[in-house]
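Here are my notes on this model, set out point by point. Please read them with the structure open.

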Amino acid sequence: VFFRENQPPYHKIYRKLAQTAGIVRICDSDHPYVRLTEHIIDESTLYVAAINYSNKPAIANLTVLPEYRISAIYGHKLEGTTLHLRENDGILLKLTKD
């Protein structure tokens, strides 16, 4: 149902719920099918798994809190804060606090 043409932007519902709950993401994606999970290692390091849940290639712009630097550990392509993911593919990112 989420991949059909002309579907409502369901991802905005989840974003609004998180905002209402006061959840602050260290890293977030602007693409509705590129979703992220944050895995905190310690107070200055976390890993982020970004997955393209679409059956089409995706370009996603990431928002990262300014005190963090981002680098790719494993996966296709990261240019600055822009991800280029193949269909149904992912990338592992490392974020470190300055």
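**Notes on strands, loops and surface**

1. Start with one residue pair: Y47 stands opposite K94 in β8. The model is predicted, so local features are read only where pLDDT is at least 70. The strands behind this pair are β3, residues 45-52, and β8, residues 90-97. They run antiparallel and are joined by 7 bridges.

2. Strand β8 has a second partner to look at. Strand β5, residues 68-75, pairs with β8 in the antiparallel sense. Again the pairing covers 7 bridges. To find the register, go to A72: its bridge partner in β8 is L93.

3. Now go to the other flank of β3. Strands β2 and β3 pair over 8 bridges, in the antiparallel sense. T37 is a useful marker here, standing opposite A49 in β3.

4. Put these pairings together. What is the strand order in this open sheet of 4 strands? The order is β2-β3-β8-β5, with antiparallel pairing. β2, residues 34-42, and β5 stand at the edges. Each has a single partner strand, so one side of each is left without a neighbour in the sheet. Neighbouring strands of this sheet are turned by 25 degrees against each other on average, direction ignored.

5. There is another open sheet to check. Its 4 strands come in the order β1-β4-β7-β6, and the pairing is antiparallel. Which strands stand at the edges? They are β1, residues 27-29, and β6, residues 77-79. Each edge strand has a single partner, so one of its sides lacks a neighbour in the sheet. The average turn between neighbouring strands of this sheet is 25 degrees, direction ignored.

6. Look at the β6 edge in detail. β6 pairs with strand β7, residues 82-85, in the antiparallel sense. The pairing has 3 bridges. Within it, L78 stands opposite L83 in β7.

7. Next, H76. This residue sits in the loop between β5 and β6. Is H76 buried, exposed or partly exposed? Its relative accessibility is 38%, so H76 counts as partly exposed, the class between under 20% and over 50%. Leaving aside neighbours within four places in sequence, H76 is in contact with H84, R86, D89, G90 and I91. G90 and I91 fall in the residue range of β8, 90-97, and H84 falls in that of β7, 82-85. N61 is 15 residues from H76 along the chain, and the C-alpha atoms of the two are separated by 15 Å.

8. Check the backbone at N88. Phi of N88 is near 50 degrees, a positive value in a residue other than glycine. Most residues other than glycine have a negative phi. N88 lies in the loop between β7 and β8. The relative accessible area of N88 is 54%, so N88 is exposed.

9. Finish on the surface. Which residues make the nonpolar surface patch of about 350 Å²? They are I13, Y14 and L17. L17 is found in helix α1, residues 11-20. Its relative accessible area is 54%; the cut-off for exposed is over 50%, so L17 is exposed.

How values were computed
Residues are numbered from 1 along each chain as its sequence is written. This is a predicted model: local features need pLDDT of at least 70, side-chain atom pairs count only at pLDDT 80 or more; totals for chains, interfaces and linings use all residues. Side-chain values use heavy atoms; hydrogens and water are left out. Two strands pair if DSSP finds at least two bridges between them. Helices (H or I, at least four residues) and strands (E, at least two) are DSSP runs, numbered from the N terminus. Patches are made of residues with over 30% relative accessible area and no salt bridge: like charges are joined within 9 Å, nonpolar side chains (Val, Leu, Ile, Met, Phe, Trp, Tyr) within 5 Å. Accessible areas come from the Shrake-Rupley method with a 1.4 Å probe; for residues, only the protein chains shown count as cover. A salt bridge is a side-chain nitrogen of Lys or Arg within 4 Å of a carboxyl oxygen of Asp or Glu. Buried means under 20% relative accessible area, exposed over 50%, partly exposed in between (1.4 Å probe, protein chains only). Axes are lines fitted to C-alpha atoms, for helices over the stretch in contact, and angles run from 0 to 180 degrees between N-to-C directions. Contact means heavy atoms within 4.5 Å.
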